[in-house]
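User: Hello! I would like a close look at one spot in this model, and then a walk through some other parts of the fold.

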Amino acid sequence: MSSYDVAVIGSGPGGYVAAIRCAQLGMKTAIIEKYDTLGGTCLNVGCIPSKALLDSSHHYEDAIKHFEEHGIEVGDVKFNLEKMINRKQGVVDMTTKGIVFLMDKNKIDVYHGVGAFKDATHIDITPAEGDVQTIEAKNTIIATGSKPSSLPFITIDKERIITSTEALKLPEVPKHMIVIGGGVIGLELGQVYKRLGAEVTVVEYMDRIIPTMDGAQSKEMLKVFKKQKMKFALSHGVTAVERNGDEVIVKATDKKGNDVEFKGDYCLVSVGRRAYTDGLNLEAVGISTDDRGRVEVNEHLQTNVSNIYAIGDVIQGAMLAHKAEEEGVFVAETMAGQKPHIDYNLIPGVVYTWPEVASVGKTEEQLKESGISYKSGQFPMRALGRSRASGDIDGFVKILADKTTDEVLGVHMVGARVADLIAEGVTAMEFRASAEDISRMSHSHPTYAEAVKEAALAATEDRALHI
C-alpha cells in the first residue's frame, strides 16, 4: 500500500493547486481524479471552454458589426460552429495537459478513479476499469467541487433541456434559446449564442440580473444586453419546463401572478451549482455537511475530522476557481505550520460577457444594509479617449469609500478588460488604500485604467477631471 503525507481528492483549480503547494513544501502528495482528464469543471467544462467560445463569438460579432466602421471590408462573413467547438476543445486539451506536466514536475502521484474514505487515513480508489486500490494518507483535502443545480420539477435531458456542460458543445445554433437564470453562466453562454444568431430570452426569478453584484452593474448590463437584442423576463418564477419533440415550453408566473409561457428549441438551465460529494463515503469517517450538502469546515478549513480538510465549491462561499486556489494554498501552508490568511471580502467576482463586469469588496446595497456611511465616485467609460478609440464606450468604474476615513470599501466595474483591471482594486484594498491614494497614482494615458483614477477623484472630492 502506498502512503502519503497528503491525498487530494479532486483535480480542479483548488485541488491541483493545493497538491502543488503541498509538494513544494516537502510533503509526499497524491491526487485522485474521477475523470480521465485533470483540471475539474473549470478547465474541462467551465471557465476555460466558455471563455474560448466567448472569444470566438466575439471575433465573429466584431467582423459582422464593427469591422466596417474601422475601415475593414471583409465581404461575406460566415462562422463554422464545428470549428469553433473544435478550437475550444483544443484549448481545453492543451490546458489539461499542462496540469499533467505540473503534476510530473512536482512529483505528485496521480490516481484516476472515484476516491472514497475507508476510514480517516485510508482511501479506496475505484477506477472505471480494473481493481480497487487503497492508499494511506496522513492528511486529506476534499476538493471535489460542484455540479450544475436544477429545479426539482425540471428533467435535464442533455439534448434540448441542458446545463452549461451541454451548452459548450451544441450541434447547432439554437433558433430560440430560453435561459433560466440571469447569473454569470446564463449571461455568458446566452451572449455566445446571441452573437451567433440565436434569439435569447433570459427568465430570472429576481428583479434584476447578476443579483449578487452591485445594483449599478445590473442596471448597466441590462441596458447593454437589451441593446444587443437579448430579451429578459425579470421577476418571473419558473413553474414547469416541458419538451415536445424539438420544442421546449417554459412556464412561469410573473410578479403580478399571471401565468406566462416561453417557447424555444433549447432551454439552458443555469440556476446555480451545488456541492458535489457523491461517492466520497463521508459517513464512514463521520464528516458532517450542512443543509445544502456542503462540507462543514472551521476557520482553518478543517472538517470535524482533524486530519481532513475541504476547499472550493464543496464548502461555503463563492463558487469561484480563484477562491478555491487561495484555499488550496491556505490549507497546504496551514498543514506545514505556517500562518496564511484569506480575506474573503477581497475575492473578486467577474462576468466575462462583453463588456465585462468585475467587482471586489462591498456593494452599495450591502453598505446601506450595514448602516455604514460611505461616499461614491463613478466615472463613465465613454469619457475616456481609449474607450472611444476602441469603440468600447459602455460601462463605468464605481468606487465606494468610507465617508470618514476615505478607505476604499468596494470597487465595481463594467467595461472593456475590467476582468483584468479589477486587480488594481484588489491590490488597493489589500493595502487598505484610500480613494485619495488611488487618485494620486499616475495612470498611463490613454488606457481604460484611467477610469479608476477618475472614479477615485470623484469619490475623494467630487473632482473627476474629464466629466
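In which helix is serine 56 found?

Analyst: Happy to help, and please keep in mind that this is a predicted model. Serine 56 is found in helix H3, which covers residues 47-65. Its relative accessible area is 11%, so serine 56 counts as buried, the cut-off being under 20%. If we set aside the neighbours within four places in sequence, serine 56 is in contact with Met84 and Arg87.

Now to strand S9, residues 176-180, where burial covers a whole element: 5 of its 5 residues are buried. In a regular strand, side chains alternate between the two faces of the sheet. In S9 both faces are covered, with His176, Ile178 and Ile180 buried on one side and Met177 and Val179 buried on the other.

S9 also has strand partners. It pairs with strand S10 (residues 199-203) in the parallel sense, over 5 bridges, and isoleucine 180 has valine 203 of S10 as its bridge partner. Helix H6, residues 184-195, joins S9 and S10 in a right-handed β-α-β unit. S9 pairs in the parallel sense with strand S15 (residues 266-269) as well, over 4 bridges; here methionine 177 stands opposite tyrosine 266.

Next comes the nonpolar interior. The largest nonpolar core has 49 residues, and Phe117, Ile135, Ile141, Ile142 and Ile287 are those with the most contacts inside it. Helix H1 (residues 13-24) gives the most to this core, contributing 7 residues. Isoleucine 141 shows what such contacts look like: leaving out residues up to four places away in sequence, its partners include Val6, Val8, Ala18, Cys22, Tyr309, Ile311 and Met335.

Finally, helix H11 (residues 418-430) is worth a visit. Its 13 residues reach 18 Å from the first C-alpha to the last, close to the 18 Å expected at 1.5 Å a residue. Among its buried residues are Val418, Leu421, Ile422, Val426 and Met429, and also Glu424. In an α-helix, residues three or four places apart point the same way, because there are 3.6 residues a turn. The cover over the buried residues of H11 includes strands S18 (349-351), S19 (356-361) and S22 (408-415), together with helices H12 (435-439) and H13 (450-461). Just after H11, arginine 432 takes a positive phi of about 55°.

Technical notes
Residues numbered from 1 in each chain as written. Predicted model: local features only at pLDDT ≥ 70, side-chain atom pairs only at ≥ 80, totals over all residues. Heavy atoms only, no water. Helix = DSSP H or I, 4+ residues; strand = E, 2+ residues; numbered from the N terminus. Buried < 20%, exposed > 50% of the residue type's maximum accessible area, 1.4 Å probe, protein only. Contact = heavy atoms within 4.5 Å. Pairing = 2+ DSSP bridges. Right-handed = clockwise from strand over helix to strand, strands pointing away. Core = buried A, V, L, I, M, F, W, Y, C linked by side-chain atoms within 4.5 Å. Expected span 1.5 Å × (residues − 1).
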